[in-house]
Amino acid sequence: MLTVYVPGPNGLLPYAPVPGTPVPPEAVWIDLYQPALAEVQRVEQALDLALPTREEMQEIEVSSRLYQEDGALFMTAVVLVQSDTEHPETTAVTFVLKGDHLVTVRHAEPKPFRQFITRASRHSALKRGDQVLNGLLEAVIERAADILERVTTRVDALSMEVFMRSGSAASGKAVSGKTVKEFRDFQEILSEVGKTGDVASRARESLMSIGRLLAFLGQGLPKQAKDPKAQVKVLWRDVQSLLDHANFVAGKITFLLDATLGMVNIEQNAIIKIFSVVSVVFLPPTLVASMYGMNFKIIPELEWTFGYPWALCLMVVSAVAPFLYFKRRGWL
């Protein structure tokens, strides 16, 4: 879909050009969303440039994502989409800046684009493509900041749940009004940690690509464009601070993952310890029972009136004695 935005009295005005008509020269922003081949060719003819294909947008080499050609700056960044769903994804978005025109090529609809379109319709200062580009990048960065903030809150909640659950298990008492059975299973917590880490890693990937884009954009803008360069520098600093925070969140998620796996091992060791103690406790009675179950002809206790009670008492004492010993040593 081809959408053209032109400056209006109160902001950018969108409209879809009639097929077969040229792109108007006063267009500030030309947005190609899942474009057809004919729409791409119309924009290429209007601006005299060659737009990258979807396959070329997926290239990971920096030289394929950031380059200058035909008097235009071609910049491809990774943007996070569907971060509020169970299946977050990243999509490549290409920004082409040529003169006062900005062309965006995308095959998904990131939330920052929708937010910026709403904001741009009320912003009358957007007269050039570089201003629109800076506004779009600012919206993407703000969205990444919101995602990292949500991830941080989620990680803190998961961390509290893991350690409160372990504290309840260790003390045998309710913690924060919950018993061990009322807490979620560690398998569910591990699944939640994995999903949270996936969102955080994708947000970090997006910020890294935007940081490289801003560095390239700052060098590619004309020297006389002081205001756009200053704004790009501010955005680049914001990205660097968010990357530092993303690295901190990634470290915290790794620690939480290790802590959760450690708690799982502790619970498994406690179960194995119980089985080991039970095996040791019942070993002596089994020995006594097997001894009196032998089929030898002469066993003195067989003719004894109290032989059966004696064997029972011997088995009980041989079971209780190891149990009391383990209890005294603090192994139970």
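These exercises walk through the sheet, the helices, the loops and the hollow spaces of the structure above.

This is a predicted model, in which local features need pLDDT of at least 70, side-chain atom pairs count only at pLDDT 80 or more, and totals for chains, interfaces and linings use all residues. Residues are numbered from 1 along each chain as its sequence is written, and side-chain values use heavy atoms, with hydrogens and water left out.

**Exercise 1. The sheet**

Task: Work out the order of the strands in the open sheet, and find which strands are at its edges.

Solution:
- Step 1. Begin with the labels: helices (H or I, at least four residues) and strands (E, at least two) are DSSP runs, numbered from the N terminus.
- Step 2. Look for partners; two strands pair if DSSP finds at least two bridges between them.
- Step 3. Read across the open sheet of 7 strands: the order is E2-E1-E3-E7-E6-E5-E4, and the pairing is mixed.
- Step 4. Strand E2 (12-15) and strand E4 (66-69) are the edge strands, as each pairs on one side only.
- Step 5. From one strand to the next, the twist averages 20°. The angles here run from 0 to 180 degrees between N-to-C directions, with axes as lines fitted to C-alpha atoms, for helices over the stretch in contact.

**Exercise 2. Strand E1 and its partners**

Task: Find how many bridges join E1 to E2, and which residue of E3 stands opposite Tyr5.

Solution:
- Step 1. Strand E1 (residues 2-7) runs antiparallel to E2, and 4 bridges join them.
- Step 2. Take this pair residue by residue: Tyr5 stands opposite Pro14 in E2, and Pro7 is opposite Leu12.
- Step 3. Now turn to E3, which is also antiparallel to E1 and is joined to it by 4 bridges. Here Tyr5 stands opposite Trp29.
- Step 4. Check the hairpin of E1 and E2: there are 4 residues between the strands, and Gly11 takes a positive phi near 155°.
- Step 5. E1 is mostly covered, with 5 of its 6 residues buried. Buried means under 20% relative accessible area, exposed over 50%, and partly exposed in between (1.4 Å probe, protein chains only).

**Exercise 3. Helices across the sheet**

Task: Which strands does helix H4 lie across, and which does helix H6 lie across?

Solution:
- Step 1. Helix H4 (residues 111-120) lies across E1, E2, strand E3 (29-33), strand E6 (89-98) and strand E7 (101-106). Contact means heavy atoms within 4.5 Å.
- Step 2. The direction of H4 is at about 150° to E3.
- Step 3. Helix H6 (residues 186-220) lies across E4, strand E5 (72-81) and E6, and runs at about 165° to E5.

**Exercise 4. Three loop residues**

Task: Are Asp48, Gln82 and Ala16 buried or exposed?

Solution:
- Step 1. Asp48 lies in the loop between helix H1 (37-47) and helix H2 (54-57). Its phi is near 55°, a positive value in a residue other than glycine. With a relative accessible area of 58%, Asp48 is exposed.
- Step 2. Gln82 is in the loop between E5 and E6. Gln82 is not a glycine either, yet has a positive phi of about 55°. At 45% relative accessibility, Gln82 counts as partly exposed.
- Step 3. Ala16 is found in the loop between E2 and E3, and counts as exposed because its relative accessibility is 55%.
- Step 4. Ala16 and Asp31 are 15 residues apart along the chain, and their C-alpha atoms are separated by 9.9 Å.

**Exercise 5. A cavity and a pocket**

Task: Find which helix supplies the largest share of the lining of the largest cavity, and which does so for the largest pocket.

Solution:
- Step 1. Set the terms. On a 1 Å grid over the protein atoms alone, a cavity is a set of points where a 1.4 Å probe fits but cannot get out, and a pocket is an open set with protein on both sides within 12 Å along at least five of seven lines; lining residues have an atom within 4 Å of a point. Grid points are joined across faces, edges and corners, and a volume is the space filled by probe spheres set on the points.
- Step 2. The structure holds 1 cavity of 30 Å³ or more, and the largest cavity has about 50 Å³ of space.
- Step 3. H5 gives the largest share of the cavity lining, 4 residues. Among the lining residues are Val140, Arg143 and Ser206.
- Step 4. The largest pocket has a volume of about 310 Å³. Of its 13 lining residues, Ser83, Glu192, Lys195, Thr196 and Val199 lie nearest its centre.
- Step 5. For this pocket the largest share, 5 residues, comes from H6.
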